[in-house]
Amino acid sequence: MKRTFVACLALISFILISCGSPAEQSTEEPAVTRTQSGGMALVNFETPDFSGSGNCAMCHVSLNDSAGNDVSIGSHWRSTMMANAAKDPFWQAKMASEVARTPELKEVIEAKCSSCHMPMAYTQADTDGSPALLLGNGFLNTGNPLNPAAMDGVSCTVCHQIVDPVLGTYFIDTTTEPPDRLIYGPYENPEQTIMMNTSDFRPVFGEQIAGSVLCGTCH
Ligand code: HEC
Ligand code: HEC
Ligand code: HEC
Ligand code: HEC
């Protein structure tokens with residue numbers, strides 16, 4: 001009995017070892033390879049006052065540190081909670097449950113929640129005089145013209161267009177036209193023509209970009 005048990009153990013060990021031996025493992029490439037630049041493409045929409053992150057990342061890309069790591073703005077931003085503020089299923093569920101609980105405040109709740117989680121679609125609708133709605137035919141519906149702007153979340157042309165930030169409220173100047181829509185950055189006297197010709201935005205220095213109040217407009 002004891003001998004059979006030991007023999008069984010030896011056999012099981014042998015099978016386990018042979019299965020796990022590196023020589024038997026496949027050396028083929030996996031069917032899907034993910035690179036740092038992989039995943040869904042950044043979007044390329046344009047509205048009168050905003051532009052998709054893909055339009056900005058097009059030039060602000062291919063920044064590598066001395067060790068060769070990709071430190072491009074778009075590559076880092078795309079995986080942040082802010083890039084995903086509209087796609088976030090927890091946020092969508094919380095917003096929908098608030099509406100279901102207090103249906104008489106549907107418009108108020110949807111506009112409020114979109115103002116920080118979908119700031120481009122909210123601000124554009126507000127500027128155009130159309131309601132900022134989320135459910136039904138609202139921003140979450142792929143047929144809504146502002147859906148791409150909504151789903152791009154807290155994107156490049158939000159933070160970089162904020163002027164005179166105050167805690168709890170951001171203000172974006174929607175009265176300017178291309179190429180005088182300003183994109184504020186941390187540097188003085190940037191080269192302007194390249195970006196103006198392609199993106200319709202003019203990069204300028206803005207001291208507000210270095211202050212924490214910029215973030216406090218929503219946080
Ligand atoms: C003034 C801006 C602002 C408004 C308006 C706003 N949010 Fe947020 N929300 C934030 C910020 C900023 C965070 C991230 C907070 C943190 O993690 O420190 C957040 C986070 C959340 C989270 C957590 C998400 C997660 O995955 O952890 C939920 C849920 C949420 N918000 C729901 C809502 C709902 C529902 C509404 C509308 C009733 C709303 N928010 C309106 C700014 C806002
Ligand atoms: C949440 C707000 C926010 C978002 C979203 C954001 N930025 Fe910025 N960005 C900043 C702030 C703040 C700075 C200044 C950082 C500093 O001074 O060190 C900055 C700096 C920059 C700079 C100067 C870079 C440098 O080398 O110092 C560029 C270019 C830029 N951002 C482009 C982008 C692009 C492109 C996107 C979208 C893919 C984007 N930003 C999204 C807030 C934001
Ligand atoms: C055609 C290429 C191109 C595109 C597209 C582009 N940029 Fe730029 N961007 C530049 C160049 C060039 C500079 C100036 C660099 C310099 O002066 O060293 C610049 C500078 C900036 C700065 C820094 C300004 C400062 O003074 O600190 C920010 C912020 C910025 N871009 C954001 C954006 C955003 C947001 C978008 C999308 C709407 C965008 N860029 C699209 C080429 C581009
Ligand atoms: C237009 C509104 C807005 C602005 C401006 C903004 N944020 Fe956010 N931020 C949000 C929202 C909304 C979320 C939450 C997204 C979610 O969880 O669904 C968030 C989430 C974050 C998170 C993730 C928090 C967590 O608990 O995971 C960090 C970190 C953050 N923001 C930093 C910043 C910084 C730094 C700045 C300024 C440079 C800034 N934010 C400016 C709206 C904003």
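1. Shell of ligand 1, by class. In this predicted model, the residues around ligand 1 split into seven nonpolar, three polar and three charged. The shell holds 13 residues. Asp88, Lys112, Cys113, Cys116 and His117 are the closest of them.

2. Polar contacts of ligand 1. Asp88 places a side-chain N or O atom 2.7 Å from an oxygen atom of the ligand. His117 does so with a nitrogen atom of ligand 1, at 3.0 Å. Both residues are also among the closest to ligand 1.

3. Helices at ligand 1. H4 (89–101) and H5 (106–117) each contribute at least two shell residues. H5 gives the most, with five residues.

4. Shell of ligand 2, by class. Here the shell has eleven nonpolar residues, four polar ones and no charged residues. In total, 15 residues surround ligand 2. Cys156, Cys159, His160, Tyr187 and Ile209 come nearest.

5. Polar contacts of ligand 2. A polar side-chain atom of His160 is 2.8 Å from a nitrogen atom of ligand 2. The side chain of Tyr187 has an N or O atom 2.6 Å from an oxygen atom of the ligand. His160 and Tyr187 are both among the nearest residues to ligand 2.

6. Helices and pocket at ligand 2. H3 (73–77) and H8 (156–159) each supply at least two residues of this shell. H3 gives the most, with three residues. Ligand 2 sits in the largest pocket.

Notes:
Residues numbered from 1 in each chain as written. Chains lettered and ligands numbered in written order. Predicted model: local features only at pLDDT ≥ 70, side-chain atom pairs only at ≥ 80, totals over all residues. Heavy atoms only, no water. Near = heavy atom within 4 Å. Polar contact = N/O pair within 3.5 Å; in protein donor to acceptor, adjacent residues only side chain to side chain. Helix = DSSP H or I, 4+ residues; strand = E, 2+ residues; numbered from the N terminus. Nonpolar A, V, L, I, M, F, W, Y, C, P; charged D, E, K, R; others polar. 1 Å grid on protein atoms, 1.4 Å probe; cavity = no way out; pocket = protein on both sides within 12 Å on 5 of 7 lines; lining within 4 Å. Sits in = over half its atoms within 2 Å of the grid points.
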